[in-house]
Amino acid sequence: MTDSLLMPGIADAYRGGMRQLAAGVCLITSADQQQPGGMIATAVTSVSAEPPTLLVCVNRNASMFELIQRSSHFCVNVLAADALGLVDIFSTAARRAERFATGEWHQDAEGSPVAADALVAFSCKLINTVDWHTHAIFLGEVTHVAHPNSDGQPLLYHDRAFHQLSAL
């Protein structure tokens, strides 16, 4: 471990600093033998355009960790500002049964759920997994891009709250 990880208070300072990094809100979905799963994530990043690749960070304790490993595919649904209802449902374990009963859903070619109201949905084939302490970094090669609601406004997360993009 590096010295910075051992310094008292660095973890709290890191979390406080990361709260200042605004991020788009995504719903990561996958399915295994017709059993869909999903989780809300802000740790989604473009890796390269050639080949089109993105990464998603998933806590190893999350049910999505094993689901993505088993299915070898996932979909990144970029959520619109009016999708707070989905965020609540997919962030609350007690509401698991409601997850795919709410809203309109389609399936991509691999069976991952695609939200009909997503700004954009990236279907990905899992090409590599990097283990990093409490999380896994899933690298996905993009196999399809859908734009169900490209005219919508993105949902953003900043400083423990959800926001809408406003004109400068």
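The exercises below work through strands, cores, a pocket and backbone geometry in one structure.

The model is predicted, and local features need pLDDT of at least 70, side-chain atom pairs count only at pLDDT 80 or more, and totals for chains, interfaces and linings use all residues. Residues are numbered from 1 along each chain as its sequence is written, and side-chain values use heavy atoms, with hydrogens and water left out.

**Exercise 1. Strand β2 and its partners**

Task: Establish how far strand β2 is covered, and with which strands β2 pairs.

Solution: Begin with the terms: helices (H or I, at least four residues) and strands (E, at least two) are DSSP runs, numbered from the N terminus, and a residue is buried under 20% relative accessible area, exposed over 50% and partly exposed in between, with a 1.4 Å probe and protein chains only. Strand β2 spans residues 26–32, and seven of its seven residues are buried. Taking the faces separately, one side carries Cys26, Ile28, Ser30 and Asp32 and the other Leu27, Thr29 and Ala31, all of them buried.

Next come the partners, where two strands pair if DSSP finds at least two bridges between them. Strand β3 (residues 35–41) is antiparallel to β2 over seven bridges, and serine 30 faces glycine 37 in β3. Two residues separate the strands of this hairpin, in which glutamine 33 has a positive phi near 50°. Strand β6 (residues 73–78) also runs antiparallel to β2, joined by four bridges, with asparagine 77 as the bridge partner of leucine 27.

**Exercise 2. The nonpolar cores**

Task: Determine which residues touch the most other members of the largest nonpolar core, and which element gives the largest share of this core.

Solution: A nonpolar core is a set of buried Ala, Val, Leu, Ile, Met, Phe, Trp, Tyr and Cys residues joined through side-chain atoms within 4.5 Å. The largest core has 22 residues, of which Ile28, Val58, Ile68, Phe74 and Phe138 touch the most other members. At least two residues of this core come from each of β2, β3, β5, α3, β6, β9 (120–132) and β10 (135–146), and α3 contributes the largest share, with four residues.

Isoleucine 28 can then be examined by its contacts, a contact being heavy atoms within 4.5 Å. Apart from neighbours within four places in sequence, isoleucine 28 is in contact with residues including Gly37, Met39, Val56, Ile68, Phe74 and Val76.

**Exercise 3. The largest pocket**

Task: Describe the volume of the largest pocket and the residues that line it.

Solution: On a 1 Å grid over the protein atoms alone, a pocket is an open set of points where a 1.4 Å probe fits, with protein on both sides within 12 Å along at least five of seven lines, and lining residues have an atom within 4 Å of a point. Grid points are joined across faces, edges and corners, and the volume is the space filled by probe spheres set on the points. The volume of the largest pocket is about 1400 Å³. Its lining consists of 40 residues, with Tyr14, Thr42, Ala43, Cys57 and His135 nearest the centre, and α2 gives the most, five residues.

To sort the lining by class, count Ala, Val, Leu, Ile, Met, Phe, Trp, Tyr, Cys and Pro as nonpolar, Asp, Glu, Lys and Arg as charged, and the others, Gly among them, as polar. The result is 24 nonpolar, ten polar and six charged residues.

**Exercise 4. Unusual backbone geometry**

Task: Locate the cis peptide bond and describe the settings of serine 72 and aspartate 159.

Solution: As background, most residues other than glycine have a negative phi, and most peptide bonds are trans. Glutamate 50 and proline 51 are joined by a cis peptide bond with omega about -10°, and proline 51 belongs to the loop between β4 and β5. Serine 72 has a positive phi near 65°, sits in the loop between α3 and β6, and counts as partly exposed because its relative accessibility is 34%. Aspartate 159 has a positive phi near 50° and lies in the loop between β11 and β12; with a relative accessibility of 37%, aspartate 159 is therefore partly exposed as well.
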